[in-house]
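Good morning, colleagues. Please turn to the structure on the screen, and I shall take you through its sheets and some of the helices.

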Amino acid sequence: MMKEEYAWIITDKTMNHFDMLDFEVIESMQGALGFKAYIPSSSRLRDITLRWRKESYGKDPSMELIRELDVLGIWAYDSLWALAESIERVEVESLEAKENQSPGLGFLDNLYWSRRLLDEIARIKITGLSGEFQILNGKLHTESYIISNVFVKGDRRVGFWTPEDGIVKEMKVPFIMDRHPSTRRGLEAIIWPGGSTTVPKGWFRLTSGKKLRIAVVNNGGFKELMNVHIHPQTNEIAVTGFCKDVFVAAIESLDYEVPYEFIPFVDENGENLGSYTYLVHQVYLQKFDGAVGDITITANRSLYVDFTTPYSDLGVGTITKRLNKDIWIFSKPLRTNMWLTSAAFFGLLGFVVWTIEHGNNVEFQGSVPHQIGTILWFGFSTLVYAHREKLTSNLSRFVVILWLFVVLILTSSYTATLSSMLTVQQIQLASVREYIGVKNGSFLGGIISSNLNFKDDRLRKHSSPEEYADALSRGSKKGGVSAIIDEIPYISIFLAKYGAHYAMVSTTPSTNGFGFVFQKGSPQLVSDVSGAIMKLREKGELAVLEKTWFRNQSSFMPNDANSCAVPNRLSFGNFGGLFLLSFVSFILALLLHLIFLLKNKLQQNSNSMMSGEKYLLAIVRFLGARNNENRVEPVNADHNGEQELQDLAGSIP
């Protein structure tokens, strides 16, 4: 048992004596892992160790083997110090009692002081070679341990264990902040028995010492999930399917080996011996240790057995035909208020751009019919980015840029909604004229009847993907069904075969998915297998198994568990923020444009007033010259015209 796949864990009672063992014994322990008390290094310990070696050499210089001062020697040294200090304290107390002799102390004797010495030793606490030396409940208190690996002719440290941090690679340095705590986790490389570095899996042992008896079921209609075949001549059992592969992958990924055997829960004809609820009850009666198959986790079943975490998709879905003959389907993605609002904003955009560009851009000028056409053309052409008019104003460019962003969002949302509507057919499950299909033997029939107010006579039961397809193709009017409601894994298998003509139109998280069944009272195995399933999911191995067994999934299967058959039609409320942003940009651009127009107008008026003033000045000069019959010199244009005008006006009679 010292070869590969075995492991030995040695307690401190052995490892603390490790230095006293013979080489032959140490060689037989290669690969063992053990614990021994941690003695922190100190200058005092080094001094004592040197003195110990000196004493050993001094007594017998020719001795080949010198025993190092091991843990037991250090504890013996500290024990003597603790005993000496306890004796001193009791002796001081005894001397004080003798000095203060009183009638009440005459009965004191050696027995009393012996008990006092024991009490003092029990509560003493000193700092010795081993660190903090203390007796608790009659035993030496040890807080930290070294994890050692027996290797070659000695042992090597691979880590530590402390009450605060658990297993760590290195001890904390006192008074120094640990900046990289993650580097201290784990252990150094361990050499296991047989010289292997691979961690042994160990062995999961049942109380009975036998293999786990795992019942497996047969799902004839959905063989991709679980199929059990018994050879009629050899009686060999062949178990295949997605559920079986997940179970095997989870068990094999555990750190220990779990022996098990598959027990078919079927008769000679391949039919199950009972319902899944009956199988769960058999596990509860301990006729099986567990069960594997497309077994749904329910609250009622969990009262009798333990389930692992689900390994399949959760919830149920509805599948129906990919059919829609409505010639006006293109108008359905947008509600009426959305169509009207969009059209109004296209026209408003053309008007705003025309208002800004009309004065300076010849492409926005011309006759009235031409300008109206330009307004409408420019606004609606932005829907397909077909506008070609050159914009000269930065304000109009700003407005168009914001509007193109709105158009991008609108067209993307419209395209996505229309694609979904062209993919699936909306059905009314509450309609009295429709029939709904469910899987034969499924518990979903009761859920549908209670939640959707369906009568039992409106439910049609089917057992295979082929029966699903046949019932959906005939429809409710021809003896079939309008929709199938089933759990997601069954729908995935159906769509892998018939996804070209059918689609999952809605999903609801009303079930907990499939899980593996184990007896009550096996929490370790359930927890470990659940953890293995989560690791398979995180690594993507579970998705690989799904693709292997479910083949090509329908590209129209929703990823969101809350997605519905026909997406909600887009209304003004969905894009109110975008339209508000565009409207504010329109108003802001118009206001800035008006401000610029008023500024230019005022500047032109100011220039006109200056020109009139010059003409008036010339007339006044002429009249003043004729009245005074004097020659008037030409007025210097550089002089102040207003002052010159006043002077000339004063000379006129």
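**Two sheets and their helices**

In this predicted model, Leu136 stands opposite Lys139 in strand 5. That pair belongs to the antiparallel pairing of strand 4, residues 131–136, with strand 5, which runs over two bridges. Helix 4, residues 71–99, packs on this sheet and touches strand 3, strand 4 and strand 5. The direction of helix 4 makes about 135 degrees with that of strand 3. The sheet itself is open, with three strands in the order 3-4-5 and antiparallel pairing. Its edge strands are strand 3 (125–128) and strand 5 (139–140), each of which pairs on one side only.

I turn now to the second sheet. In which order do its five strands lie? The order is 12-9-13-20-14, in an open sheet with mixed pairing. Strand 12 (260–264) and strand 14 (305–307) are at the edges with a single partner strand each, so one side of each has no neighbour in the sheet. From one strand to the next, the twist averages 30 degrees. Strand 9, residues 212–216, pairs with strand 13, residues 290–292, in the parallel sense over three bridges, and Ala215 stands opposite Ala291 in strand 13. Helix 14, residues 523–539, lies across strand 9, strand 14 and strand 20 (517–519), at about 160 degrees to strand 20.

Finally, consider helix 12, residues 465–474, in which Pro465, Tyr468, Ala469, Ala471 and Leu472 are buried. Viewed down the helix axis, these buried residues fall within an arc of 170 degrees, so they line one face of helix 12. Gly475 follows helix 12 and has a positive phi, near 75 degrees.

Note on methods:
Residues numbered from 1 in each chain as written. Predicted model: local features only at pLDDT ≥ 70, side-chain atom pairs only at ≥ 80, totals over all residues. Heavy atoms only, no water. Buried < 20%, exposed > 50% of the residue type's maximum accessible area, 1.4 Å probe, protein only. Helix = DSSP H or I, 4+ residues; strand = E, 2+ residues; numbered from the N terminus. Arc of directions from axis to C-beta. Pairing = 2+ DSSP bridges. Axes fitted to C-alpha atoms, helices over the stretch in contact; angles between N-to-C directions. Contact = heavy atoms within 4.5 Å.
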